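Please load the model in your viewer and keep the selection panel at hand. The tour moves from one selection to the next.

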Amino acid sequence: EIMDKPAADAAVEEITEIPAEMSWIYETEGISVDDGIKNSGGVSGFLFALQLFHDTVDDNAKVIQDAFSNNDIRLYTIKVHSLKSSARIIGAMSLSSLAEKLENAGNHNDTDFIAANTGELIDSYTAFKDKLARLSGGDDTDDSDKELITEDDLLEAYEMLESAVPQRDYDLVEMIMERFKEYRLPDDVAAKVTELQKLVDTVDWGGMETFLEQLEP
């Protein structure tokens with residue numbers, strides 16, 4: 001009863017084709033663009049998923065490797081399940097298939113298969129950091145016209161995060177992170193926000209809690 005129809009000028013135009021500057025993705029070994037677009041629900045979703053996949057390779061690969069080294073089969077299985085899904089979404093079907101086999105091995109406690117194939121998984125996964133390196137071109141956003149964040153606004157954002165993270169309220173956490181983009185941030189704050197964003201992108205609740213605990217009062 002209280003729903004409003006969005007105004008026509010509020011609509012976001014859906015991208016229907018890969019932009020010309022991204023045409024190199026068609027030649028990227030290990031990625032099927034057609035499968036990626038289909039599995040991510042469209043070109044916009046595919047491009048977003050591709051960027052997120054690239055940005056989180058190092059952190060996720062380390063978690064998988066550490067879980068394997070520590071013989072933490074439960075965590076290992078959870079993380080390769082996640083990799084199976086994220087790889088499928090960007091059309092990295094071979095990587096997704098290998099992750100699925102390792103997930104099944106984890107579910108059946110087949111440590112021999114895990115030991116024999118984890119190295120290949122890590123190598124195949126981390127190789128995408130170079131394959132998608134063009135996605136890491138610098139941020140061209142000009143923040144010079146934005147208002148410098150105040151100490152009060154910064155403290156308020158951190159306090160809201162300290163409340164939202166223990167509750168595992170991902171939507172609220174994302175909303176708070178978006179608010180940072182409305183301001184111009186000092187270099188030290190920008191570095192912290194970037195570090196925190198990586199933890200949010202990988203849904204690393206423990207990492208977020210540790211990060212917030214280490215912030216200076």
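Begin by selecting helix H9 together with its neighbours: the buried residues of H9 pack against helix H7 (151-164), helix H8 (170-180) and helix H10 (205-213). Bear in mind throughout that this is a predicted model.

Now narrow the selection to H9 itself and show its side chains, where Val189, Val193, Leu196, Leu199 and Val200 are the buried residues. If you turn the view to look down the axis of H9, these buried residues fall within an arc of 115°, so they line one face of the helix.

Next, hold the two ends of the helix in view. Helix H9 covers residues 187-201, and because a rise of 1.5 Å a residue should give its 15 residues a span of 21 Å, the separation of 21 Å between its end C-alpha atoms agrees with that expectation.

Step past the end of the helix and select valine 203, which follows H9 and has a positive phi, near 50°. This residue also leads to the next stop, the second largest pocket, since Val203 is listed with Asn60, Lys79, Asp201 and Thr202 as the closest to the pocket centre among the 28 residues that line it. The space in this second largest pocket comes to about 700 Å³.

To see where the lining comes from, colour helix H2 (43-55), helix H3 (57-69), helix H4 (73-89) and H9, each of which supplies at least two residues of the lining of the second largest pocket. Which helix gives the most to that lining? It is H4, with seven residues.

For a further stop, select glycine 119, which lies in helix H6 (residues 111-131). Is glycine 119 buried, partly exposed or exposed? Its relative accessibility is 37%, and therefore glycine 119 counts as partly exposed. Add glutamine 65 to the selection and draw a distance between the two C-alpha atoms: glycine 119 and glutamine 65 are 54 residues apart along the chain, and their C-alpha atoms are separated by 8.6 Å.

Finally, zoom out to the protein in full and switch to a cartoon, in which the secondary structure comes to 10 helices and zero strands. Of the 217 residues in the protein, 35% are buried. With a surface drawn, the accessible area comes to about 13500 Å², of which 48% belongs to carbon and sulfur atoms. A contact map would complete the view: among contacts between residues at least 6 apart in sequence, 64% join residues at least 24 apart.

Terms used. Residues numbered from 1 in each chain as written. Predicted model: local features only at pLDDT ≥ 70, side-chain atom pairs only at ≥ 80, totals over all residues. Heavy atoms only, no water. Helix = DSSP H or I, 4+ residues; strand = E, 2+ residues; numbered from the N terminus. Buried < 20%, exposed > 50% of the residue type's maximum accessible area, 1.4 Å probe, protein only. Contact = heavy atoms within 4.5 Å. Areas by Shrake-Rupley, 256 points an atom, 1.4 Å probe, with all protein chains shown as cover. Expected span 1.5 Å × (residues − 1). Arc of directions from axis to C-beta. 1 Å grid on protein atoms, 1.4 Å probe; cavity = no way out; pocket = protein on both sides within 12 Å on 5 of 7 lines; lining within 4 Å. Points joined across faces, edges and corners; volume = space filled by probe spheres on them.
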